[in-house]
Amino acid sequence: MRSMEQSLKNIQGLSVQKSVSYADLCMSPHVHLPIGYKTPKFEKYDGHGDPIAHLKRYYNQLREAGRREELLMAYFRKSLVRIASEWYMDQDISRWDIWDDLARYFVRQFQYNIDIAPDRNSLSNLKKKSSESFREYAVKWREQAARMKPPMDETEMVSVFLQAQEVDYFQNMMSTKGKSFAKAIKIGEMVENDLKMGRILSQSAIRATSQAIQSGSRGATNRKKKEEVAMAASSLRNPISPEVTSLQTPLNIIILTRMRLML
């Protein structure tokens, strides 16, 4: 009984612990906007990316407000979403006497986005997921590459992008070296389509075929493997996209020759 009474007291205590009044919860109760002033549509910061870059955009969007610090502080929360907004709402704004105080706390909180910015090594290890289309993957990769400091030129970017590709894409995209990133995406999509259509034999299929050749198994298993070999050989006879035709590897040619001998 006593424990129940204590629980009720705890619940009651929690219910009156914080005020819900406008004066206590409004973060800018004394700010009055100029007559006719229109609130700009802010670019949102979600807690990812460079916080200083966000401050630059925010300053430019509020340039009509001049240097009025009360407006800079009052509107800042409108430029934040997700974890950045949650961080702001959890702050005790009484410790921010001037705008620079808020800005310093903000940058300090999200500085880790700058500290862990991607480098060439992390970008070369950013692989395509099986659930992603090549374009989705390439756009995601490009967004990460844009965060590098100092930025890469396009030639280096394409080179690092190639290093990130799995072997099926890498060996068929070598012609993109020295070309634009947009061209690399186009070639990658062609390779993706040719792999799906069976016009390019994937390395996993080549390995399986090589094992079938080496094993020399007989009976039903051997007949099944021969059927698979025949299908693979047939797929290699299909026309390949013109821009990746010249990229057929010697290994593909050797395997095709062996498969034809088996047939």
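Let me start with a definition: two rings of Phe, Tyr or Trp (for Trp, its six-membered ring) count as a pair when their centres lie within 6.5 Å, and the pair is stacked with planes under 30 degrees apart, edge-to-face over 60, and tilted for the rest. By that rule, the structure you have in front of you holds 25 aromatic pairs.

Before we go on, a word on where this comes from. This is a predicted model, in which local features need pLDDT of at least 70 and side-chain atom pairs count only at pLDDT 80 or more, while totals for chains, interfaces and linings use all residues. Residues are numbered from 1 along each chain as its sequence is written, and side-chain values use heavy atoms, with hydrogens and water left out.

Now the overall picture. The protein has 16 helices and zero strands, where helices (H or I, at least four residues) and strands (E, at least two) are DSSP runs numbered from the N terminus. Of its 263 residues, 35% count as buried; buried means under 20% relative accessible area, exposed over 50%, and partly exposed in between, with a 1.4 Å probe and protein chains only. As for contacts (heavy atoms within 4.5 Å), 64% of those with a separation of 6 or more are between residues 24 or more positions apart.

Let's go back to the rings and look at Trp141. How are the rings of Trp141 and Phe161 arranged? Their centres are 5.0 Å apart and their planes are at 65°, so this pair is edge-to-face. Trp141 belongs to helix α9 (residues 134–145) and Phe161 to helix α10 (residues 154–163), so the pair ties together parts 20 residues apart in sequence. Both Trp141 and Phe161 are buried. Trp141 has another partner, Phe181, and that pair is stacked, with 5.8 Å centre to centre and 15° between the planes. Here helix α9 is linked to helix α12 (residues 181–197), as Trp141 and Phe181 are 40 residues apart.

These rings also turn up in the largest nonpolar core, and I should say what a core is: a set of buried Ala, Val, Leu, Ile, Met, Phe, Trp, Tyr and Cys residues joined through side-chain atoms within 4.5 Å. In soluble globular proteins, nonpolar side chains tend to be buried together. The largest core here has 23 residues, and those touching the most other members are Leu123, Phe134, Trp141, Met152, Phe161, Met173 and Phe181. Helices α9, α10 and α12 each supply at least two of its residues, and α12 gives the most, with six. Beyond four places in sequence, Phe161 touches Phe134, Tyr137, Ala138, Trp141, Met173, Phe181 and Ala184.

There is a second, separate core of 21 residues, and Tyr45, Leu55, Tyr58 and Leu71 are among them. Take Tyr45, which lies in the loop between α2 (22–25) and α3 (51–61). Is Tyr45 buried or exposed? With 1% relative accessibility, Tyr45 counts as buried. Its side chain reaches the backbone oxygen of Gly49 at 2.9 Å. Further along the chain, its contacts outside the four nearest places include Pro51, Leu80, Ala84, Phe106 and Phe110.

Leu71, from that second core, brings us to α4, where six of the eight residues are buried. The buried residues are Leu71, Leu72, Met73, Ala74, Tyr75 and Phe76, and what covers them includes α3, α5 and α6.

Helix α5 (residues 82–89) has two faces to show you. Its buried residues are Ala84, Trp87 and Tyr88. They span an arc of only 100° around the axis, which puts them on the same side of α5; the arc is that of the directions from the helix axis to the C-beta atoms. Their cover includes α4 (69–76) and α6 (99–110). On the other side of α5, Arg82 and Glu86 are exposed. Arg82 has a relative accessible area of 58%, and its phi is near 50°, a positive value in a residue other than glycine.

One last backbone item for you: a cis peptide bond joins Lys149 and Pro150, with omega about -10°. Pro150 sits in the loop between α9 and α10.

How values were computed:
A polar contact is a pair of N or O atoms within 3.5 Å; within protein, one must be able to donate a hydrogen and the other to accept it, and residues adjacent in sequence count only if both atoms are side-chain atoms.
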